[in-house]
Amino acid sequence: MKKLFILCAIALLSACSVFKVVPIDPKTGYYPAKTEAQVVLSKPTDLDKRKSLLLIADHDFVRGQITNMHYFDELMTLSELETKIVKAQLTDKIPSVNDKIGINNAAKYYKDFLWFRVEFKKEGYANKSVKFILTDPQNMEDIFITETELDYQWKGVNDQYNWYPMFNAMLKYIRDNSKSYK
């Protein structure tokens, strides 16, 4: 009985991939998702003018998936941005990037960029949904938000139901707001 339980547990855990970096499917132009993410906000923006730098969460999966989009010229985490600011001797104008004012100052004095972040919505002790948010740090205005519900019981929380659908929504946003993206 114990062996059967262990085999079932392994089968269930291996059925859901979590944080697996994959390339875009050349046939569809999207990641392999089993559902679509809800687009909460999609403001028209000339992304081609803003594609030189994307500030991202410090997570290898996020970096890998956005890199596989082949759109943004450079991806940088907050830590990497701080290092660049120090090397550029801009610490008097940008003493910190740990809040919105600091990120705004970095966009003004270091280099214009877009800010990508991941946020979880909690209900009680559990995360209820996850959002991708793309923000213009020049005015701290969100320009794109996509969201998926987290279903721990039936679908699990995994790449095909949560992460890839949101990256696909972001791909569509880039295609709709870029003349250079192929």
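## A charge above an aromatic ring

In this predicted model, the charged end of Lys51 is placed over the ring of Tyr71, at 4.9 Å from the ring centre. Tyr71 itself counts as buried, because its relative accessibility is 2% and the limit for a buried residue is under 20%. A similar arrangement involves Arg117, which lies over the face of Trp115, 4.4 Å from the centre of the ring.

Tyr71 also takes part in a contact with Ser178, a residue in the segment after helix α5 (159-177). Apart from residues up to four places away in sequence, Ser178 touches Asp48 and Tyr71. With a relative accessible area of 10%, Ser178 is buried. A polar atom of the Ser178 side chain lies 3.1 Å from the backbone nitrogen of Ser180.

## Pairs of aromatic rings

A pair of aromatic rings is described by two quantities, the distance of the centres and the angle of the planes. Across the whole structure, 11 aromatic pairs are found. The rings of Tyr71 and Phe72 form one of these pairs: their centres are 5.0 Å apart and their planes meet at 80°, so the pair is edge-to-face. Phe72 counts as buried, at 11% relative accessibility.

The rings of Phe144 and Tyr173 have their centres 4.7 Å apart; their planes are at 25°, and the pair is therefore stacked. This pair links distant parts of the chain, since Phe144 belongs to strand β6 and Tyr173 to helix α5, 29 residues apart. Both Phe144 and Tyr173 are buried. In addition, one aromatic cluster is formed by Tyr31, Phe61, Phe116, Phe120, Phe132, Trp163, Tyr164 and Phe167.

## The nonpolar cores

In soluble globular proteins, nonpolar side chains tend to be buried together. Here, the largest nonpolar core contains 32 residues. Leu54, Ile66, Met69, Phe72, Phe116, Phe167 and Met170 have the most contacts inside this core. At least two residues of the core are supplied by each of α2 (60-67), β4 (114-123), β5 (126-136), β6 (141-149) and α5. Helix α5 provides the largest share, 9 residues.

Leu54 illustrates how residues of different parts of the chain meet. Neighbours within four places in sequence aside, Leu54 is in contact with ten side partners listed as Ile66, Phe72, Glu74, Leu75, Met76, Leu114, Trp115, Phe116, Leu134 and Met170. A second, separate core has 13 residues, including Leu55, Leu81, Ile94 and Phe113.

## Helix α4 and Ala106

Which residues of α4 are buried? They are Gly102, Ile103, Asn104, Asn105, Ala106 and Ala107. The elements that cover these buried residues include β2 (54-55), α3 (78-87) and β4.

Ala106 lies in this helix, which spans residues 100-109. Its relative accessible area is 0%, so Ala106 is buried. When residues up to four places away in sequence are not counted, Ala106 touches Leu81, Ile85, Ile94, Val97, Lys111 and Phe113. Among these partners, Leu81, Ile94 and Phe113 are included in the second core. The C-alpha atom of Ala106 is separated by 9.4 Å from that of Pro95, a residue 11 places apart along the chain.

Note on methods:
Residues numbered from 1 in each chain as written. Predicted model: local features only at pLDDT ≥ 70, side-chain atom pairs only at ≥ 80, totals over all residues. Heavy atoms only, no water. Helix = DSSP H or I, 4+ residues; strand = E, 2+ residues; numbered from the N terminus. Buried < 20%, exposed > 50% of the residue type's maximum accessible area, 1.4 Å probe, protein only. Contact = heavy atoms within 4.5 Å. Polar contact = N/O pair within 3.5 Å; in protein donor to acceptor, adjacent residues only side chain to side chain. Core = buried A, V, L, I, M, F, W, Y, C linked by side-chain atoms within 4.5 Å. Phe/Tyr/Trp six-rings, centres within 6.5 Å; stacked < 30°, edge-to-face > 60°. Lys NZ or Arg CZ within 6 Å of the ring centre and 35° of its normal.
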